[in-house]
Amino acid sequence: MLRTNTCGELRKAHIGQTVTVCGWVDKYRDHGGVVFIDLRDRYGITQIAFKPEQSKEMTEQASDLRHEDVIQVTGEVVIREAKPNDKLETGEIEIKADALKVLNKSKTPPFEPRGESVPNEELRLKYRFVDLRRPELQRNMLFRHKLTKVVRDYFDELGFLDIETPILGRSTPEGARDYLVPSRVHEGSFYALPQSPQLFKQILMVAGYDRYMQIARCFRDEDLRADRQPEFTQIDIEMAFVGQEDILNVVDGLLARMMKELRGTELKPLQRLTHKEVMIRFGTDKPDLRFGLEIKDISDLVANSDFGVFKSTIAAGGKVRGLCVKGAGDKYSRRILDNDMKGIVEEYGAKGLAYFKVVNGGLESSIAKFFNPDQQKEIVERMDGEEGDLLLYVADSWKVSCAALAALRNHLGRDLELYDPTEVCAAWVLDFPLVTWSEEDKRWQAEHHPFCAVHPDDLEFFETDPSQIRALSYDLVCNGYEAASGSVRIHDPATQQKIFDLLNIKAEEAEERFGFLLEALRYGAPPHAGIALGLDRWVMMFLGCDNIRDVIAFPKTQRASDLLTGAPAEVDSKQLRDLHIKLDIPEEV
């Protein structure tokens, strides 16, 4: 070892000891010939004092040190001559240097890891090796390690086996696009990187392994955003001879363990909400429950009003739904309402935003004249409105009103600081629809995936109205994110083919795409169920971050680029020939 101690462990108890420490130069100061260096490693910071009377040559060498130089120092631990630094755990001592060795000089860094201002993300990602030295990111990576260890320990105690599944697999497109890997040996054929280990973990249940878990790497070629990456990590779970309640209880226990060991708090029993309920109340299947601001429907109250927009929408089968923003009647100007907030709902297909202020038990707005006093009173009562409240409405189809008001609700929650950003608030959403109708493809599509078991009470709807079929699927939502998703699986091939038929996947196509799973189901498959939790998102939520890239050591940008390595990049023409690939890239006009 090049060191006897780290830069974060020396205390008054070490005074008088001769120690050797290594690290990066964090700060340097010359006080009349005496040079002070703050030496940093991931464990902390220790002050080093270089004094001319100790060694003039060494002190001169120390005066040439600059930010991020890597050095080794040997010396005696002494009481700090100046007053203690309360901001450092090592703040009562310093090392009186006897020997200095420069292990590596650094170029001038593009930014200081402990600088007061945080540089732009593009620069940080390009110089990630410097960015990862920042205390915030080191804290995040340490926390991620601890959370992962809690997860592994918890499942080990419950008898789960940690089993790896293949990274190179078969493309079974259903949902997001696959990342494809060409095969050199099998000309014209491709592997696919796994979107999840779904099929393999079901096969493990068929094989009798009973309880499986994995910290699994997954890949999806989809549009990115602040909470999504092309490659991500999930806590993958599958259990045999269980039902929905068993999976929910296991995950409840995991979340309780994480809250206790990582936050020191007890987990309150999680709410269990239906998909239908959250869509009515919040407009989304992943509501942020840290604040209220629930959606209310006033369609029946305004169907006969004189306001044409509302009347025509309802007549066409649409809805008039809105939010009551407490005490915000004077907070937002007409310009903000007509531009910024209207712009938010228009992004989700809404044609406009109607708004009122509650005044003297009635409505005040440029369109209030279209509603008689009785209608105004009924609207205020339905919305639980009070003096000075702001009422916001979207008049559109059910689907558009849900998406637009959910986005507006989230914006208001952030803008009005209606919640504590460090709070973790989770709940279960159950009874998802099995399928949804795609107008574009003119067919039914799986809401989650085609392997979800059907709610036994809904079998009759296969022949009459598939939209009414509930799946035995469940999501764990937290702070406005889908934090986990799973289902009870179909474990017999006949039922599985019935789902494929509904999705217009013919038997031949099903065998081609999922044949290895279907064959496994024919050999004594047990009832089984599972779930996957997004590890990256849980780290992000526990830390109160709003950018998933801050909790991943080497993330991609929102354009799926790695600025550190320059990936993706062109490859040598010989590699392409070996893979039997010829590029056909259109010329730029």
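Strand β14 (residues 354-359) and strand β16 (residues 390-396) run antiparallel and are joined by 4 bridges. Helices (H or I, at least four residues) and strands (E, at least two) are DSSP runs, numbered from the N terminus. Phenylalanine 356 stands opposite leucine 391 in β16. This is a predicted model, in which local features need pLDDT of at least 70 and side-chain atom pairs count only at pLDDT 80 or more, while totals for chains, interfaces and linings use all residues. Residues are numbered from 1 along each chain as its sequence is written, and side-chain values use heavy atoms, with hydrogens and water left out.

The two strands belong to an open sheet of 5 strands, in the order β12-β13-β16-β14-β15, with antiparallel pairing. Two strands pair if DSSP finds at least two bridges between them. At the edges stand β12 (296-297) and β15 (362-364), each of which pairs on one side only. Helix α12 (residues 398-415) packs on this sheet and touches β13 (319-325) and β16. Contact means heavy atoms within 4.5 Å.

Helix α1 (residues 56-63) has the buried residues Met58, Thr59 and Ala62. Buried means under 20% relative accessible area, exposed over 50%, and partly exposed in between (1.4 Å probe, protein chains only). These residues lie on the same side of α1 because they cover an arc of only 100 degrees around the axis; the arc is that of the directions from the helix axis to the C-beta atoms. The face turned away from the buried side carries the exposed residues Lys56 and Glu57. The cover over the buried residues of α1 includes β2 (34-41), β3 (44-50) and β5 (93-104).

Tyrosine 28 lies in strand β1 (residues 18-31). Tyrosine 28 counts as partly exposed because its relative accessibility is 32%. Leaving aside residues up to four places away in sequence, tyrosine 28 touches Phe36, Ile37, Leu65, Arg66 and His67. Its side chain makes a polar contact with the side chain of arginine 66 (3.4 Å). A polar contact is a pair of N or O atoms within 3.5 Å; within protein, one must be able to donate a hydrogen and the other to accept it, and residues adjacent in sequence count only if both atoms are side-chain atoms.

Two residues other than glycine have a positive phi, as the table shows.

| Residue | Phi | Loop | Relative accessible area |
|---|---|---|---|
| Asparagine 479 | about 55 degrees | between β20 (473-478) and β21 (481-488) | 6%, buried |
| Alanine 560 | near 60 degrees | between α16 and α17 | 25%, partly exposed |

The loop between α16 (535-543) and α17 (573-578) also holds proline 568. The peptide bond from alanine 567 to proline 568 is cis, with omega near -5 degrees.

Notes:
Axes are lines fitted to C-alpha atoms, for helices over the stretch in contact, and angles run from 0 to 180 degrees between N-to-C directions.
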